[in-house]
Amino acid sequence: MKHLLNTLFVMTEGSYLHLEGETVKVKVDGENRLQVPLHHLGGIVLFGNVMTTPFLLHKCAEDGRGVVLLDRNGRYRCRMIGKVGGNVLLRHQQHLAIEDAPRQAAIVRNLVAGKIQNARQVLLRGQREAKDEDSAAALQSAADLHGRAVERLAPATEIDFMRGLEGESARVYFDCLDRMLTQNREHFRMNGRNRRPPRDRINALLSFLYVLLLNDCVSAVEGVGLDPQMGFLHVMRPGRPSLGLDLMEELRPILADRLALTLINLRQINPDDFDERPGGAVYLNEKGRKAVVTAYQKRKQDELRHPVLDQTVPLGLIPHVQARLLARHLRGDTETYTPYLYR
């Protein structure tokens, strides 16, 4: 039996959440708009000016249910959780692995290989579906470069070299991502990856999806008892969920990038779902955010076969499965960390 806990996203400005018995109720302008049993929720994400009662926060902390605060544009502000749980011995092994250069390099190698290989699969699918020869050629060339990058990773021992390969592959990948668009291409031109703030519609869409995915990945590593701030690929900085970012890398192409392309190509997201701000920043508006969150939650219900487990798993559980595989490796139960590879 598989149980995929849901996340409650509240995006309507002025919403008020409170707990009545074991049911979360959401009011807007004094009227009940939604109610859901608390035990059905794996987490709560609040956008912008949304209020909640201390009692609901206390209950979420007691149950280990995360509450995430984002600004109205979807940028991360903070995450509230209860007491730190998990196995202190596992976290100790995580810290020891970071101090062991060869061991850290082996984990980074597989994290980067997973990301590049999954990005290559997205490029190859785009090449097969391309509507013109120029786009097909560009996507095939980018896929070939990704294939060579995976080969160059195999003997690598220096983490900075691996990071360089990941960065080079990502630059080529994003340079041709908009060639996979079949609708509204003139409105979703992409001049490479840009953020903080995003300066075009497709970057705004990607940034928003990455926030949603990162929240799931941080929840996954916390769920198995790992320290989300102690990463292997991403350099540690105060307040940065480096391990969540590590885990997210191999999942970006399949859970975020591919979904962004689908939303645009099916016209589920359109140019009027974005607002342009002074200074050139572009963000999803409330209508666009609701459409993306709905599609993201639906995408997480899709099932794919996990090669390690040899069984079908909802996409929304993949971060949790990968976090457990990483924990098993750190405990010494497996020789290597095996990334999730999309077929």
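Here are four short exercises with worked solutions on the structure above.

This is a predicted model, in which local features need pLDDT of at least 70 and side-chain atom pairs count only at pLDDT 80 or more, while totals for chains, interfaces and linings use all residues. Residues are numbered from 1 along each chain as its sequence is written, and side-chain values use heavy atoms, with hydrogens and water left out.

**Exercise 1. The two domains**

Task: Describe what lies between domain 1 and domain 2.

Solution:
- Step 1, the bounds. Domain 1 covers 6-80 and domain 2 covers 88-331; these bounds come from an automatic or database domain assignment. Their centres, taken over C-alpha atoms, are 27 Å apart.
- Step 2, the contacts. On the domain 1 side 14 residues are in contact with 17 residues of domain 2, where contact means heavy atoms within 4.5 Å.
- Step 3, the area. About 1,500 Å² is buried between the domains, 50% of it on carbon and sulfur atoms. Buried area is the accessible area (1.4 Å probe) that two parts lose on being put together, summed over both.
- Step 4, the elements. On the side of domain 1 that touches domain 2, β1, β5 and β7 (66-70) each give two or more residues. The largest share, 3 residues, comes from β1. Helices (H or I, at least four residues) and strands (E, at least two) are DSSP runs, numbered from the N terminus.

**Exercise 2. Helix α9**

Task: Compare the span of α9 with the expected one, then find what covers its buried residues.

Solution:
- Step 1, the span. Helix α9 (residues 286-299) has 14 residues and reaches 20 Å from its first C-alpha to its last, close to the expected 20 Å. The expected span is 1.5 Å times one less than the number of residues.
- Step 2, the buried residues. Among them are Val292, Val293, Ala295 and Tyr296. Buried means under 20% relative accessible area, exposed over 50%, and partly exposed in between (1.4 Å probe, protein chains only).
- Step 3, the cover. It includes strands β1 (6-10), β5 (41-47) and β10 (282-284), along with helices α6 (201-223) and α8 (252-265).

**Exercise 3. Two buried residues**

Task: Which residues do Ser169 and Leu153 touch, leaving aside those up to four places away in sequence?

Solution:
- Step 1, Ser169. This residue is found in helix α5 (residues 159-175) and counts as buried because its relative accessibility is 2%. Ser169 touches Ile116, Leu145, His146 and Ala149. Its side chain also reaches the backbone oxygen of Leu165 at 2.9 Å.
- Step 2, Leu153. Leu153 lies in helix α4 (residues 133-153) and is buried, at 1%. Its contacts are Arg109, Val112, Ala113, Ile116, Met162 and Leu165. Leu153 and Val112 are 41 residues apart along the chain, yet their C-alpha atoms are separated by 8.3 Å.

**Exercise 4. Salt bridges**

Task: How many salt bridges are there, and where do Arg163 and Glu276 find their partners?

Solution:
- Step 1, the count. There are 19 salt bridges, each a side-chain nitrogen of Lys or Arg within 4 Å of a carboxyl oxygen of Asp or Glu.
- Step 2, a local pair. Arg163 meets Asp160 at 3.2 Å, N to O, and both lie in helix α5, 3 residues apart. Arg163 is partly exposed at 24%, whereas Asp160 is exposed at 59%.
- Step 3, a distant pair. Glu276 pairs with Arg201, the closest N and O atoms being 4.0 Å apart. This pair links strand β9 (residues 274-276) to helix α6, 75 residues apart.

Note on methods. Polar contact = N/O pair within 3.5 Å; in protein donor to acceptor, adjacent residues only side chain to side chain.
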